[in-house]
Amino acid sequence: MITGIIGKPNTGKSTFFNAATLLSAPMANYPFTTVEPNFGVAYLRVPCVCKTLDVKDNPVNSLCIDHNRLIPVKLVDVAGLVPGASEGRGLGNKFLDDLRQADVLIHVVDASGLTDQEGRPCPSGDSDPMQDIEFVEREFDLWLQSILQKDWARIARTAESRAGKLITILTERLSGLSIGENDILGVIQKMGLKADRPTGWSNEDLSNFSQSLREASKPALIAANKADLPSSLKNIGRLKAVRKVIPCAAEAELLLRRASQRGLIKYLPGDSSFTVNDEAGLKTEQRKALDLVSEKVLNSWGSTGVQQAINSAYLDLWGGIVVYPVEDENKLSDRKGNVLPDAYVVKKGSTAKDLASKVHSELGRTFLYALNAKTGVRLGADYEMQDSDVVKIVATGRRG
Ligand SMILES: Nc1nc2c(ncn2[C@@H]2O[C@H](COP(=O)(O)OP(=O)(O)O)[C@@H](O)[C@H]2O)c(=O)[nH]1
Ligand SMILES: [Mg+2]
C-alpha cells in the first residue's frame with residue numbers, strides 16, 4: 001500500500017513530503033529495507049490500544065508516543081506535472097511512471113492562487129486551484145486512455161473471441177498500475193458498457209472508462225496547501241464544495257517538526273498546538289516564526305493538516321484499520337516479552353486468516369484459528385478484523 005503525492009509544480013509537494021517523512025523519534029526496526037529515491041516513510045497516527053488496555057507497551061514495528069501509535073507507511077513524491085504531461089510535456093510521463101504503484105493519492109494544490117498552471121508565480125493571486133485539480137486529473141485520464149487505446153482494435157477483437165476475456169486482458173494490461181480486476185469489472189458494470197462487445201466501444205466510451213477507472217482505482221484527497229496565506233481562505237471554501245479537501249500548511253508542519261527535532265518544542269504531528277520547552281533558549285526569530293505558525297495555521301485551521309492528510313489517505317480513502325497481532329494472549333506480547341509489539345494496517349473486511357498471511361505467509365497457510373486477546377473469544381478464519389483488535393494467531397506450524 002503506497003500513497004502518491006501529485007500536483008502541478010510549486011504547490012508544496014516536496015515540502016509536504018519532507019514534513020511528512022521527518023520524525024524525530026528514532027525507530028529500532030526500519031520496516032522498509034530498500035527505499036527508492038523518491039520514496040519515503042511517513043507515519044499513520046492512531047490512538048494506541050495501550051491506553052484502553054492500560055498496559056505499558058514496547059513497540060517493535062512502530063512507535064508509541066503518549067499513547068499514540070505511529071505506524072510507518074510508504075509515500076512517493078511524484079514529479080510535478082504540467083498541462084500536456086500525458087503527451088510528454090515537462091517531465092512528461094515520468095510523473096505517470098512514479099504513479100503506477102500508488103494505491104491512493106494526495107493531490108497537493110496551491111490554494112492561494114499565487115502560482116499558475118506551470119507553477120510560475122502569479123502575483124495577482126487569481127490562478128484558480130479548481131482548474132489545477134481538473135487539469136491534473138485530466139492528464140491522468142488521458143494517459144490511462146492512451147495506454148488502453150494503443151491497440152484497442154486488436155484487444156477488442158481478441159476479447160470478443162471468448163466470454164470474460166476482456167476483463168482478463170484489461171487486468172493484465174493494467175496490473176502494473178495497481179489497478180485490479182474488481183476496479184475494472186465494477187466500472188464496466190457501473191457505466192453499462194458491453195464487456196462482450198468491446199469493438200463497439202466509441203472513443204468517448206474509452207475516455208469515460210479511463211476517467212471512472214482512475215476515480216475507482218486511485219482515490220484522491222485534495223491537500224489545499226499554503227492555507228497560511230490570506231488568499232487561500234475563499235478558495236478552500238470553494239474546493240470543499242466539490243472535493244474531499246484537507247486544508248494544509250506543509251511549510252508550517254516542516255518548521256514544527258524541525259523545532260521538535262531540535263528539542264525546542266514539544267509537538268506530535270497532528271497536534272493542534274505545541275509547547276515550548278525552554279522559553280529562554282529561543283532566539284527572537286524562532287519565537288516569531290512559531291508565533292506565526294500558531295496565528296496563521298494552528299489557531300486558524302486547527303492543525304497543519306499534514307498528518308490529517310496522511311491519516312485520511314490510509315483510513316478513509318484506502319479503508320485501513322489498525323490491528324495488533326501478539327504471540328502471548330495473556331501478556332499481550334511477542335515471544336521476547338515486548339508488549340503490543342506490532343501494529344498492522346489492514347483493509348477493512350480483512351479476515352483473521354488474511355492478517356495471518358500478512359504477518360507471515362507460512363502463518364497464513366497453517367492457520368488454525370485466532371484468539372481475541374481482549375475477550376478470550378476464539379475467532380475463525382473468516383472472522384472480519386475490527387479496528388484495534390488484539391489477536392493471537394494459532395497455527396499448526398512450529399511458529400504457533
Ligand atoms: N506559504 C506557504 N508556502 C509554501 C508552503 N509549502 C510550500 N511552500 C512554498 O512553495 C514553494 C514550492 O514548494 P515545493 O515543496 O518545492 O513544491 P513542489 O514543486 O510542489 O515540490 C516553496 O517556495 C515553498 O517554500 C506552505 O504551506 N505555505
Ligand atoms: Mg518537488
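Q: How far is an oxygen atom of ligand 1 from a polar backbone atom of Ser 14?
A: The two atoms are 2.9 Å apart. A polar contact is a pair of N or O atoms within 3.5 Å (within protein, one must be able to donate a hydrogen and the other to accept it, and residues adjacent in sequence count only if both atoms are side-chain atoms), so this pair makes the cut. Bear in mind that this is a predicted model, where local features need pLDDT of at least 70, side-chain atom pairs count only at pLDDT 80 or more, and totals for chains, interfaces and linings use all residues. Residues are numbered from 1 along each chain as its sequence is written, chains are lettered from A and ligands numbered from 1 in the order written, and side-chain values use heavy atoms, with hydrogens and water left out.

Q: What do the side chains of Lys 13 and Lys 226 offer an oxygen atom of ligand 1?
A: Lys 13 brings a polar side-chain atom to 2.7 Å from a ligand 1 oxygen, and Lys 226 does so at 3.2 Å. Of the 590 Å² of accessible area (Shrake-Rupley method, 1.4 Å probe) that ligand 1 has on its own, the protein covers 74%.

Q: Which helix gives the largest share of the shell around ligand 1?
A: That's helix 1, with three residues. Helix 1 (13–20) and helix 10 (250–261) each supply at least two; helices here are DSSP runs of H or I, at least four residues long, while strands are E runs of at least two, numbered from the N terminus.

Q: Why is Asn 68 called buried or exposed?
A: Its relative accessible area is 14%. Buried means under 20%, exposed over 50% and partly exposed in between (1.4 Å probe, protein chains only), so Asn 68 is buried. Asn 68 sits in strand 4 (residues 68–77).

Q: What makes the rings of Phe 140 and Trp 143 a pair, and of which kind?
A: Their centres are 5.6 Å apart and their planes at 75°. Rings of Phe, Tyr and Trp (its six-membered ring) pair if their centres lie within 6.5 Å; planes under 30 degrees apart count as stacked, over 60 as edge-to-face and the rest as tilted, so this pair is edge-to-face. Both residues lie in helix 4 (residues 129–149), three residues apart, about one turn of the helix.

Q: How do you know whether Phe 140 and Trp 143 are buried or exposed?
A: Phe 140 has a relative accessible area of 3%, so Phe 140 is buried. Trp 143, at 6%, counts as buried too.
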